Amino acid sequence: MEQPVYRGRQSRNELPGGAMRRLLLWCRTMKTFSARSGSGMIQTASGYGQTTFVRYCLVAVLLCAFGAVHAEAACSHVGPLWTCTDQGSPSANGADFTAALAAAICGETIQLTAGVAFQPSASAVFTLRDAGDCSANPIIIESSAMGSLPSGTRVGAAQITSLAKLIGESVAGLPAVRTAPGARGRILRGLEITDPYTTCSAYTNTLVDIDVTGSGAGGYPTYAELIGTHHITLDRVYVHPACIAVNGGETHVSAQIGINVAGPNFTLSHSTVSGFAGYYPGTTTTTNSYGLTYGAGGPATIINNDIQ
């Protein structure tokens with residue numbers, strides 16, 4: 001059986017920098033030295049006999065092992081499958097997912113536990129990086145419950161328990177997901193994507209940015225970056241504001257644009273992108289509301305969606 005390999009963070013069975021292995025080696029060396037030199041030398045040097053020394057060493061190893069198991073959580077990686085499970089909080093889950101995004105290669109799948117929330121650190125975004133041309137062998141990011149989300153069937157709020165949840169960070173109002181220039185070949189499926197402002201305390205401009213940032217003027221992509229980011233697919237996703245509140249007869253929302261796209265070969269299929277029409281929170285100013293916007297680029301494939 002293939003054994004798990006951990007990337008991003010270190011193995012659950014290893015302390016940072018290989019400290020566990022070094023501690024075991026030190027204990028073995030000292031035990032051998034004690035046996036050869038006699039317990040009297042150990043007693044003279046440290047005040048403890050060989051038996052007491054070995055006991056302390058074993059206790060230290062056990063404490064280190066316990067700390068390694070509980071402090072070094074990460075998405076497991078077996079063959080082409082990454083598995084990201086609940087580590088107790090959206091931020092801890094997001095840290096593990098971020099590490100997997102940074103390490104996954106073409107043809108691999110990152111599976112996120114259904115019903116679990118993943119959130120990036122403050123002022124950060126879940127970024128689909130340039131991992132080489134994966135357009136023919138894409139990296140897939142999906143819910144662990146894809147079996148409950150049949151291919152070709154539109155998903156929305158009714159399927160929320162089968163979706164893994166991506167939440168934007170709460171400091172700068174940044175998107176939950178964006179592409180880096182050169183990202184090629186990604187499939188995101190079985191995901192709920194939203195903002196963190198469940199009480200309409202603030203708002204996010206856009207929840208998903210595809211090929212709209214780069215090194216060109218104003219932070220937009222250059223032409224080379226625009227055409228070099230392609231084959232991005234969102235399938236069976238539910239994209240919505242976290243807060244839709246009625247105040248004084250007017251609707252206020254916590255996000256104004258669902259998906260903002262540019263570039264070639266984009267697909268949105270069997271998804272719900274809705275809830276973006278309304279006022280900015282706490283104001284009477286209407287948002288620049290779009291479920292989906294498409295800039296320069298194409299072709300695009302839009303199939304069986306509810307976009308509002």
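Biologist: Which backbone atom lies 3.0 Å from a polar atom of the side chain of S143?

Modeller: The backbone nitrogen of A145. Keep in mind that this is a predicted model. A polar contact here is a pair of N or O atoms within 3.5 Å, and the distance from the S143 side chain to the A145 nitrogen is 3.0 Å.

Biologist: Where is S143 found?

Modeller: In strand β6, which covers residues 139–143.

Biologist: Is S143 buried or exposed?

Modeller: Start with the cut-off: buried means under 20% relative accessible area. S143 has 1%, so it counts as buried.

Biologist: Which residues does S143 touch, leaving out those up to four places away in sequence?

Modeller: There are three groups to look up. One is Q111, L112 and A114. Another is S162, L163 and A164. Then come R189, G190 and L191.

Biologist: On to the rings. How many aromatic pairs does a search of the whole structure find?

Modeller: Four. One of them is F97 with F118, at 6.0 Å centre to centre and 70° between the planes. Planes over 60 degrees apart count as edge-to-face, and that is the class of this pair.

Biologist: Which parts of the chain does the F97 and F118 pair link?

Modeller: Distant ones. F97 sits in helix α4 (residues 90–103), F118 in strand β4 (residues 117–118), and the two are 21 residues apart. F97 is buried, with a relative accessible area of 1%. F118 is buried too, at 0%.

Biologist: What about F97 and F126?

Modeller: They form a tilted pair: 4.8 Å centre to centre, 55° between the planes. This pair also links distant parts of the chain, helix α4 to strand β5 (residues 126–128), 29 residues apart. Both F97 and F126 are buried. Put together, F97, F118 and F126 form one aromatic cluster.

Biologist: β5 brings us to the sheet. What is the order of its five strands?

Modeller: First the general idea. Strands of a sheet pair through backbone hydrogen bonds, either parallel or antiparallel. Here the sheet is open, the pairing is parallel, and the order is β5-β8-β10-β14-β17.

Biologist: Why is one side of β5 and of β17 left without a neighbour in the sheet?

Modeller: Because β5 and β17 (290–297) stand at the edges, each with a single partner strand. As for twist, neighbouring strands of this sheet are turned by 30° against each other on average, direction ignored.

Biologist: How many bridges join β10 to β14?

Modeller: Five, between β10 (residues 204–210) and β14 (residues 255–263), which run parallel. To find one in the viewer, select T204: its bridge partner in β14 is A255.

Conventions
Residues numbered from 1 in each chain as written. Predicted model: local features only at pLDDT ≥ 70, side-chain atom pairs only at ≥ 80, totals over all residues. Heavy atoms only, no water. Helix = DSSP H or I, 4+ residues; strand = E, 2+ residues; numbered from the N terminus. Buried < 20%, exposed > 50% of the residue type's maximum accessible area, 1.4 Å probe, protein only. Polar contact = N/O pair within 3.5 Å; in protein donor to acceptor, adjacent residues only side chain to side chain. Contact = heavy atoms within 4.5 Å. Phe/Tyr/Trp six-rings, centres within 6.5 Å; stacked < 30°, edge-to-face > 60°. Pairing = 2+ DSSP bridges. Axes fitted to C-alpha atoms, helices over the stretch in contact; angles between N-to-C directions.
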